[in-house]
Amino acid sequence: MSPMHQNLHTSIQAAIEAGEEIMEIYTKDFSVDFKEDASPLTEADRKGNEVIMHYLLQTGIPVISEENKQLPYEQRKGWSQCWMVDPLDGTKEFVKRNGEFTVNIALIDNGVPILGVVYLPVQNILYFGCQQTGSFKYILRHGDLVSDIDFMLENSETLATKDLPETYTIVASRSHMSIETEEFIEQARQKHGRVELVSRGSSIKLCLVAERKAHVYPRIAPTMEWDTAAAHAVAKYAGCTVKDFYEQTELVYNKENLLNPYFVVCHEG
């Protein structure tokens, strides 16, 4: 098994098992704490992170996770590779119990996401992509063995071959709609006529563009690197671009400041 194949195997297994831990908490009463920036934090965030760290530390590749203490850039800047993790992306959606949250695991190589796994535990939907395989969608069934990656590859939908909707479709954030985003939507209406809006939470939004259920996702509001890295890889290897909204350069990871610039996800060409 190649190193990339092994890392894909490890990250898929970690994401699914983290999702199982998260669902244990999701189906019960749970308390919500708040971080210094007022963002919510639950036991599910912590438990999911523990599972993922158990798997990823075995790879010998350093990990940047939203739920870990962040190391100074002086320690990180020499890393040629690192994992980028959000064990529960969309905690607000988790708290609202609308099911629109994900487990995100990405492998970064010199600033570029070369592997990404996005798991939707409520729907048992797994998106994954890497340089060697392209990007896929797989729906888990009861009794599936996540150790058999070849079976999953053979029975997954290839994202890059799907047809785009006839109506120009824009993905918008469920919880973060800015004035700039509304202006972007209005400009699209002027250019394309009828425009359909699809609202989703978490990194699902990037995956919908990768899956060709939407043409574009503008994010003109703050996000962190761990929010986007995994779905960026899925989109990238499905033939999409994830670029700085203003500079039109691809997003890079493990920067000194882990805050992303505003960005837009769309299909190449």
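Begin with the aromatic rings: this predicted model holds eight aromatic pairs.

Select F94 and F101. The two form one of these pairs, in an edge-to-face arrangement, with 5.1 Å from centre to centre and 70° between the planes. Are they buried or exposed? F94 counts as buried because its relative accessibility is 0%, and the limit for buried is under 20%. F101 is buried too, with a relative accessible area of 0%.

Next select F184, F245, Y246 and Y262, which form one aromatic cluster.

Two arginines come next. Select R97 with Y26: the charged end of R97 sits over the ring of Y26, 5.8 Å from the ring's centre. Then select R141 with Y138, where R141 lies over the face of the tyrosine, 5.5 Å from the ring centre.

Now turn to the nonpolar interior. The largest nonpolar core has 41 residues, and I12, W83 and F128 are those with the most contacts inside it. Colour the elements that each supply at least two residues of this core: the helices α1 (3–26), α2 (43–56) and α5 (149–154), and the strands β4 (81–89), β5 (102–109), β6 (112–120), β7 (125–130) and β8 (134–139). Which element gives the largest share of this core? That is α1, with 10 residues.

Stay with this core and select I12. Leaving aside residues up to four places away in sequence, I12 touches V117, L126, F128, I149 and M152.

For the last stop, select L159, W226, V234 and L251. These are among the 34 residues of another core, which lies apart from the largest one.

Key
Residues are numbered from 1 along each chain as its sequence is written. This is a predicted model: local features need pLDDT of at least 70, side-chain atom pairs count only at pLDDT 80 or more; totals for chains, interfaces and linings use all residues. Side-chain values use heavy atoms; hydrogens and water are left out. A nonpolar core is a set of buried Ala, Val, Leu, Ile, Met, Phe, Trp, Tyr and Cys residues joined through side-chain atoms within 4.5 Å. Buried means under 20% relative accessible area, exposed over 50%, partly exposed in between (1.4 Å probe, protein chains only). Helices (H or I, at least four residues) and strands (E, at least two) are DSSP runs, numbered from the N terminus. Contact means heavy atoms within 4.5 Å. Rings of Phe, Tyr and Trp (its six-membered ring) pair if their centres lie within 6.5 Å; planes under 30 degrees apart count as stacked, over 60 as edge-to-face and the rest as tilted. A charge sits over a ring if NZ of Lys or CZ of Arg is within 6 Å of the ring centre and within 35 degrees of the ring normal.
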